[in-house]
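Colleague: Could you take me on a close look at one part of this protein, the one you find most useful to start from? I work at the bench, so please walk me through it residue by residue and then show me how it sits in the rest of the chain.

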Amino acid sequence: MSFMQAIDSSELSILQTVVEGTVQTTGEDFLRSLVRNLCLATDVSNGFIAEFTEAKTRVRSLAFWTEGGFLEQQEWDLPGTPCEDVLRGNLCHYPSDLSKKFPQEQGVESYLGVPLQDNDGRILGHLALFDQKAMPEQSRLLYTFKIFAVRAAAELNRLRMEEQLRLSEQRFRTLFDEAPIAYVHEDRDTRFLQANHAALRILGISPKQVPDIRGISLVPDTPEAQARLRAAFASVEEGTDSAGVVLELRRQDNGRPIWIQWWSKVDPGGQFLHTMFIDITERVLMEQEQARLKAQNQYLQEEIKSAHNFDEIVGRSPALRSLLNQVQRVALTDASVLIQGESGTGKELIARAIHSASKRKSRPLIKINCAALPSNLIESELFGHEKGAFTGAVNKRIGRFELAEGGTLFLDEVGEIPADIQVKLLRVIQEREFERVGGQTSIKMNVRVITATNRNLLREVAEKNFREDLFYRLNVFPVTTPPLRERLEDIPLLVEFLIGKFAPKIGKKIIAISAKSLQRLQDYHWPGNIRELENIIERAIILADGPTLEIDPDQFPAGTDQTALKSAQSSNSSLDSIAREHILGVLEQTRWVIEGPNGAATRLDLKPSTLRYRMQKLGIVKANR
C-alpha cells in the first residue's frame with residue numbers, strides 16, 4: 001500500500017494546506033508558518049515549536065500561535081507537563097482529559113506533540129498542538145505531523161548552525177578588528193578589501209576610505225623605498241618567506257613618514273593577499289637618531305683631535321673688547337652672524353665663543369670649510385645623501401645640518417660656495433627644512449647658522465658672484481675680527497699664552513721672553529695675523545737654548561732685522577702698485593675669469609681664494625662696461 005493510499009482525504013487536505021503555506025519559507029519564517037498552518041488546517045487553537053534552553057529542564061518557544069495570533073517568546077519548565085514525555089523522544093497524543101493526567105495544565109483538554117530530532121537522533125525540541133476542547137482521534141494525522149517534524153528539525157538544526165557560524169564570524173571579526181597587529185585583506189593589485197582597526201590607525205585611513213586605497217600608493221617614490229617594495233613583492237610571488245621586510249610608507253591623512261615590518265601571503269586561490277604588519281616607526285627613528293648621534297660623536301671626536309688656534313680668546317685691546325661686547329650681545333639670540341676678517345684673525349674662535357655663550361651651548365657646534373671641498377661635494381656635506389643618490393653613494397650619509405640639529409652650524413669661507421648651492425642654502429635658511437641629495441622627504445631643522453669669510457661679500461654681490469638675498473640672510477649681525485696689527489698691545493699676553501701652550505709639548509722650560517724680542521714682535525706688521533704669531537713662537541721655542549725666549553730677526557719671513565722690515569713697510573705702496581698692475585693685466589687677458597685651467601689664478605700660480613683676497617686688498621674691481 002502506497003503512502004498516498006495510507007492517508008484519507010481529510011489528512012490529504014491538511015497536508016496540502018500546510019505544504020502550500022510553508023513551501024516558500026525557510027528558517028524562523030518557516031517555523032512560524034508551519035505552526036500557523038497546522039493550527040488552521042486542523043482547527044486547533046494553539047500550537048508551538050520549542051527548543052531546549054541551556055538548563056535542559058526548560059524550553060522556550062521559537063514560534064507560538066494562539067487564538068489567531070503569535071505570542072512573544074515564551075519559556076516554561078518541563079516537569080509535570082506532557083512536553084516532558086515528548087522530549088524524551090516519544091510521540092504523545094492526548095485527545096481529551098489532559099488536565100486529569102497533568103493537573104498543572106488546567107483549562108487544556110487535548111494535546112498532540114512530536115519530538116524534533118537531528119540526524120544523530122539528538123532531541124532538539126518539539127512540535128505540539130493543544131486545545132481547550134477535545135481533539136478528535138485522528139491517528140493518521142500523526143503521519144503528517146512526523147513529516148513536518150522532520151522538516152522543522154532540519155530548519156531548527158540549520159538555524160542553530162547559522163547562529164554558531166554567526167557567533168564564530170563575530171568572534172573572528174572581533175579578533176580581526178581588535179588585534180594589536182595590523183591586518184589587511186587586499187587583491188593582487190594591492191587594492192584594500194578589508195583592514196582592521198590597527199591598520200587604519202597606523203596608515204591614517206578612515207573605514208570609508210578602505211575601498212579606494214591601494215597599498216603600493218602609500219610607498220614614497222624614492223629609489224630606496226621602491227627597491228624594497230619590489231624585493232618584498234618578489235618574495236611573495238616566489239612563495240618565499242618575506243621574513244618581515246621593513247617598508248617606508250606615507251600616512252594617508254597627513255603624509256607623514258612611517259615604517260612598518262611587513263609580511264604577506266597569497267591565498268590558496270591566488271587572487272588575494274593576506275597581509276599583516278606592525279608599526280616600527282619609533283624604532284626606526286631611534287635608529288636614525290642613534291646613527292646621527294654616532295656620526296655627530298665621530299665628528300666631535302675628530303674635532304677634539306684637531307688643533308685650534310687657541311683654547312681661549314686672549315687680549316685686552318680696545319678692538320678685542322669691542323668685538324667681545326658684540327659677541328656677548330648676539331650670543332643670547334638665534335640671529336645669523338657673519339664674521340668677517342683677514343685670514344688668521346680667529347674667526348672660528350669667535351664662532352665658538354658665540355656658540356658657547358648661547359642657549360644652544362649644550363648642543364654641538366658643527367663646522368665645515370666651504371673652500372676645502374670640491375663644489376660637487378658641498379651639497380652632500382651640508383645636506384647628506386640617500387644611498388644610490390649618485391655614483392659612489394654606496395651608503396646613506398647624514399649631512400652637517402642634521403649633525404647640528406639643536407645646535408650651531410659654522411660655515412667657514414662661505415664666499416666660496418658655488419652659485420647653485422647658494423640657492424639651496426638660502427631655501428634652507430628661509431624654510432627651515434631640507435632634503436637629502438636623492439631624497440624626497442623634507443627634514444625639519446632647528447639650527448643656528450654662523451658664517452665667516454675673508455672676502456668682501458658686498459663686492460662679490462656687486463660682481464654677481466654671491467646672491468644678494470643670501471647675503472642679507474647671513475648678514476643679520478655682522479662682526480669683524482681685528483687684524484693683529486690693530487691690537488699690538490695684546491701681543492705680550494698672546495706670547496705668554498703661546499709659551500704655555502707649546503713649551504710643555506716641546507719639552508722646554510721657558511719662563512720669559514727678552515724685551516728686545518718682544519719689541520721685535522710689536523714692530524712687525526703681521527700679514528699672517530695670529531696664525532703667523534703662533535708659528536713664530538713655536539719655532540722660537542724649538543730653537544731656544546735657555547729659559548728666556550729669544551726671537552732673532554732671521555726668524556721672521558723676510559729674513560731681515562726690524563729696520564729692514566720697516567723699510568719694506570715704507571715701500572709697500574710702490575710694491576702694491578706693481579702687484580696691482582700685474583694682476584690687472586692678467587685679469588684683462590683672461591677676460592676676468594678667475595677660476596679654471598685658463599683662469600687668472602692659474603696663470604698667477606695662486607689659489608682662487610688667495611687671488612680674490614689680493615684683489616680685495618689692492619682694490620681691484622671689474623669696471624662696468
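**Helix α11 and its surroundings**

Modeller: Happy to! Let's start with α11, whose buried residues are covered by elements that include β14, α12, β15, α13 and β16 (433-434). Please keep in mind that this is a predicted model. The buried residues of α11 are Ile378, Ser380, Glu381, Leu382 and Phe383. Just after the helix comes glycine 384, with a positive phi near 80 degrees.

One of those buried residues, Leu382, leads us to the largest nonpolar core, which has 31 residues. Leu382, Phe401, Leu409 and Leu411 are the residues with the most contacts inside this core. Two or more residues each come from β14 (365-369), α11 (375-383), α12 (400-403), β15 (408-412), α13 (419-431), α14 (457-462) and α15 (468-474). Of these, α13 gives the most, with five residues. As a general point, nonpolar side chains in soluble globular proteins tend to be buried together.

Phenylalanine 401 is a good residue to click on next. Leaving aside neighbours within four places in sequence, Phe401 is in contact with Leu382 and Phe383, and also with Leu409, Leu425, Val428, Phe434, Met445, Val447 and Val449. A second, separate core of 26 residues includes Val184, Leu200, Leu229 and Ile258.

Now for the charged side chains. The structure holds 36 salt bridges, and three pairs show different settings. Glutamate 51 and arginine 60 form one of them, with their closest N and O atoms 3.2 Å apart. Glutamate 51 is buried because its relative accessible area is 11%, under the 20% cut-off; arginine 60, at 17%, counts as buried too. Aspartate 131 and lysine 133 meet in another salt bridge, at 2.5 Å from N to O. Here aspartate 131 is buried at 4% relative accessibility, whereas lysine 133 is partly exposed at 38%.

The third pair, glutamate 287 and arginine 283, meets at 3.7 Å from N to O. These two residues are four apart in helix α8 (residues 281-305), so about one helical turn separates them. Both are partly exposed: glutamate 287 has a relative accessible area of 42%, and arginine 283 is at 40%. Elsewhere, Glu416, Arg455, Glu460, Glu595 and Arg612 are joined into one network by salt bridges that share partners.

A loop is worth a stop as well. Aspartate 118 sits between β6 (110-117) and β7 (123-131), and it counts as buried at 11% relative accessibility. A polar atom of the aspartate 118 side chain lies 2.9 Å from the backbone nitrogen of arginine 122. Beyond residues up to four places away in sequence, aspartate 118 touches Leu124 and Asn157.

On the surface, look for Ile506, Ile542 and Leu543, which form a nonpolar patch with about 260 Å² of accessible area together. Leucine 543 belongs to helix α18 (residues 529-543).

Finally, let's zoom out to the protein chain. There are 22 helices and 21 strands in it, and 45% of its 625 residues count as buried. Among contacts with a separation of 6 or more, 59% are between residues 24 or more positions apart. The chain exposes about 33,100 Å², and carbon and sulfur atoms supply 50% of that area.

Notes
Residues are numbered from 1 along each chain as its sequence is written. This is a predicted model: local features need pLDDT of at least 70, side-chain atom pairs count only at pLDDT 80 or more; totals for chains, interfaces and linings use all residues. Side-chain values use heavy atoms; hydrogens and water are left out. A nonpolar core is a set of buried Ala, Val, Leu, Ile, Met, Phe, Trp, Tyr and Cys residues joined through side-chain atoms within 4.5 Å. Buried means under 20% relative accessible area, exposed over 50%, partly exposed in between (1.4 Å probe, protein chains only). Contact means heavy atoms within 4.5 Å. Patches are made of residues with over 30% relative accessible area and no salt bridge: like charges are joined within 9 Å, nonpolar side chains (Val, Leu, Ile, Met, Phe, Trp, Tyr) within 5 Å. Accessible areas come from the Shrake-Rupley method with a 1.4 Å probe; for residues, only the protein chains shown count as cover. A salt bridge is a side-chain nitrogen of Lys or Arg within 4 Å of a carboxyl oxygen of Asp or Glu. A polar contact is a pair of N or O atoms within 3.5 Å; within protein, one must be able to donate a hydrogen and the other to accept it, and residues adjacent in sequence count only if both atoms are side-chain atoms.
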